[in-house]
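Work through the exercises below with the structure open beside you. Try each task before reading its solution.

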Amino acid sequence: MQIYTITDLKEPLPPCPRRVALGVFDGLHIGHHAVLSHTLDGFERACVLTFSHTPKSTSPLLSEQEEMRRLEQLGISEWIRVDFSLIRYLSPAEFVTVFLHRLLGAKAVCCGYNYRFGKDRCGDADTLVSLCAAIGIDVTVVPPVLCGEEPVSSTRIREALAAGDMTLANRLLGRPFSLTATVEHGKHLGKKLGFPTINQAFSGGRFVPRRGVYASFAVLDGKVTFGVTNVGRHPTVNRTDAPLAETWFPDWAGDLYGQTVTVFLSQFLRPEQTFSSVDELTAQVKADAEKARHLWEGDPADRTVKAVLFDFDDTLHDRRAAFYNFSLSLLEHFFPDSSLDWRHERATEMRIVNNGGYVPSYEWFYGEMLSRWEWPPEATVDTLCDIARRRFPDHVCLFADTVSTLTALRQRGYRLGILTNGHSLMQNRKIEVSGLRPLMDAVMVSGDVGVQKPDGEIFRRLAACVGVPPHQCLFVGDYVPNDLVGAQNGGMQPLYMDAFDRREADESIPRITALSQLLEILP
């Protein structure tokens, strides 16, 4: 991802067609995901524009490094940053003509329904549409993403974090709230008392959630590991001026000093308190750890399903139908003068060779397609792969009962999640286009975390993100080697979604042919 820092409004960026996301993308929550997804709708370069030092600047929910990594995963090509003081006095018309048009070369812009811009925030989304239309800039205004009956917002997330409501905060974020920071040396008191901890500072003005103790987890040595984290100022011993996160991993031993570690907060356990003695503090820390362990492990004998987790392709949507429709649009783009019959014939061939996505790689697949018939010179392997990652998701084809089934499961109190293998951009955007992300407690894409199904580790990580022990998770998938074997590797209960009546799974694994049958199986 290319990063531009604008310090002079007279120097335009290197020219290229740009599609620019506008807004304050603080935290990159699921509402922001929707705006960023629309930024990938066209063939222009996808960019994000952010401002620093605004009058209403608040404590960020992500560090700059985390924000950059996430933007890259979501397919953003350019991150354009500008000091707010440079544009704060521009009128809405000047912002559009001088800044967006001349400086950035924007061909299209995307924003949320409540976007404000221009001097004194006097311009709104309607103003943007009107001004941009006059100079030929396309505008997409994204409606609010609702969770419950309220729009998702950074303010709502901060309020949930301040109250210690991690279930709501994490659902609005689309992932557990986390702190990524260097492990610092402390007084080593925890080690002397039998619970060695790591200390991490909320640097860079990071937002600090409610002070107190949390059940937490981290990925250490490649494996997800439970912990217990205190967020606060150590009121009993070694009081600090600034809040710290102090985490103990009871089942892990090693030296993390100087390393960068991400700690995820999954559930608030109790407020910060002062103890009358070190012995009392020690006893409470160990009690907190046991409570966190119980939340992590549960009762091994209790296999009551508390979370229903899904593969995406051919489990929640018809991937073959989607790929066929995408192939038709791709062929129409590169062969506009071809007959409809020819495109249908070629699209059918592409669908067959693609084999439901189970090919060595998309580079291999498009190399094979380029060798089969003559394409125009601009159709290269890299170009076709990039278009597929951005535009194939436009054709997501949900099964007819997907949304109604997921909605009913959530109403019954089940946690929900999606786990899918594949490229970060393609799979994340499929989920955005599908509209399913607001129904989920967590989404995990293998390209984001560097672990793939059928490795049981990725299943255990998703269970940690939804806050349910693996053995109380039901995993619904269509592909035996990855989904069902992987679920068993991760300690989950597998269920075979056989929408196309292939009957490939062992008969010992429960089978459904429509998602709505889950409502008959689960109470």
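**Exercise 1. Find the contacts of Val48, then place Val48 in a core.**

Solution. This is a predicted model. Set aside neighbours within four places in sequence. Val48 is then in contact with Ala21, Phe25, Leu36, Leu71, Ile76, Glu78, Trp79 and Ile80.

Next, the core. The largest nonpolar core has 48 residues. Val48 is among the members that touch the most others, together with Leu36, Leu161 and Val261.

Now ask which elements build this core. At least two residues each come from α1 (30-39), β3 (45-52), α5 (154-163), α6 (166-173), β9 (178-182), β11 (212-220) and β14 (260-271).

A second core is separate and holds 27 residues. Tyr4, Ile80, Leu90 and Phe95 are included in that second core.

**Exercise 2. Decide whether Glu67 is paired with an opposite charge or unpaired.**

Solution. Locate Glu67 in helix α2 (residues 64-73). Glu67 is buried. Look for the nearest side chain of opposite charge: Arg81, 7.3 Å away. A salt bridge needs a nitrogen-to-oxygen distance within 4 Å. Glu67 has no salt bridge.

Then list what Glu67 touches, not counting residues up to four places away in sequence: Phe25, Leu28, Leu62 and Trp79.

Finally, check Arg81. Its charged end sits over the ring of Trp79, 5.0 Å from the ring centre.

**Exercise 3. Classify the pair formed by Phe51 and Phe95, and state what it ties together.**

Solution. The structure holds 24 aromatic pairs. In this one, the rings are 6.5 Å centre to centre, with 55° between the planes. Planes over 60 degrees apart would count as edge-to-face, and under 30 as stacked. The pair is tilted.

Place both partners. Phe51 is in strand β3 and Phe95 in helix α3 (residues 92-103), so the pair links parts 44 residues apart in sequence.

Compare accessibility. Phe51 counts as partly exposed because its relative accessibility is 25%. Phe95, at 2%, counts as buried.

Both rings belong to one aromatic cluster with Phe84, Phe99, Tyr115 and Phe117.

**Exercise 4. Do the same for Trp342 and Trp373, then find the charge over one ring.**

Solution. The ring centres of Trp342 and Trp373 are 6.2 Å apart and the planes are at 80°, so this pair is edge-to-face.

Trp342 lies in helix α10 (residues 340-354), and Trp373 in the loop between α11 (362-372) and α12 (381-391), so the pair ties together parts 31 residues apart in sequence.

Trp342 is partly exposed, at 23% relative accessibility. Trp373 is buried, at 13%.

Last step: the charged end of Arg346 sits over the ring of Trp373, 5.2 Å from its centre.

Notes
Residues are numbered from 1 along each chain as its sequence is written. This is a predicted model: local features need pLDDT of at least 70, side-chain atom pairs count only at pLDDT 80 or more; totals for chains, interfaces and linings use all residues. Side-chain values use heavy atoms; hydrogens and water are left out. A nonpolar core is a set of buried Ala, Val, Leu, Ile, Met, Phe, Trp, Tyr and Cys residues joined through side-chain atoms within 4.5 Å. Buried means under 20% relative accessible area, exposed over 50%, partly exposed in between (1.4 Å probe, protein chains only). Helices (H or I, at least four residues) and strands (E, at least two) are DSSP runs, numbered from the N terminus. Contact means heavy atoms within 4.5 Å. Lys and Arg count as positive and Asp and Glu as negative; His and the chain ends are not counted. Rings of Phe, Tyr and Trp (its six-membered ring) pair if their centres lie within 6.5 Å; planes under 30 degrees apart count as stacked, over 60 as edge-to-face and the rest as tilted. A charge sits over a ring if NZ of Lys or CZ of Arg is within 6 Å of the ring centre and within 35 degrees of the ring normal.
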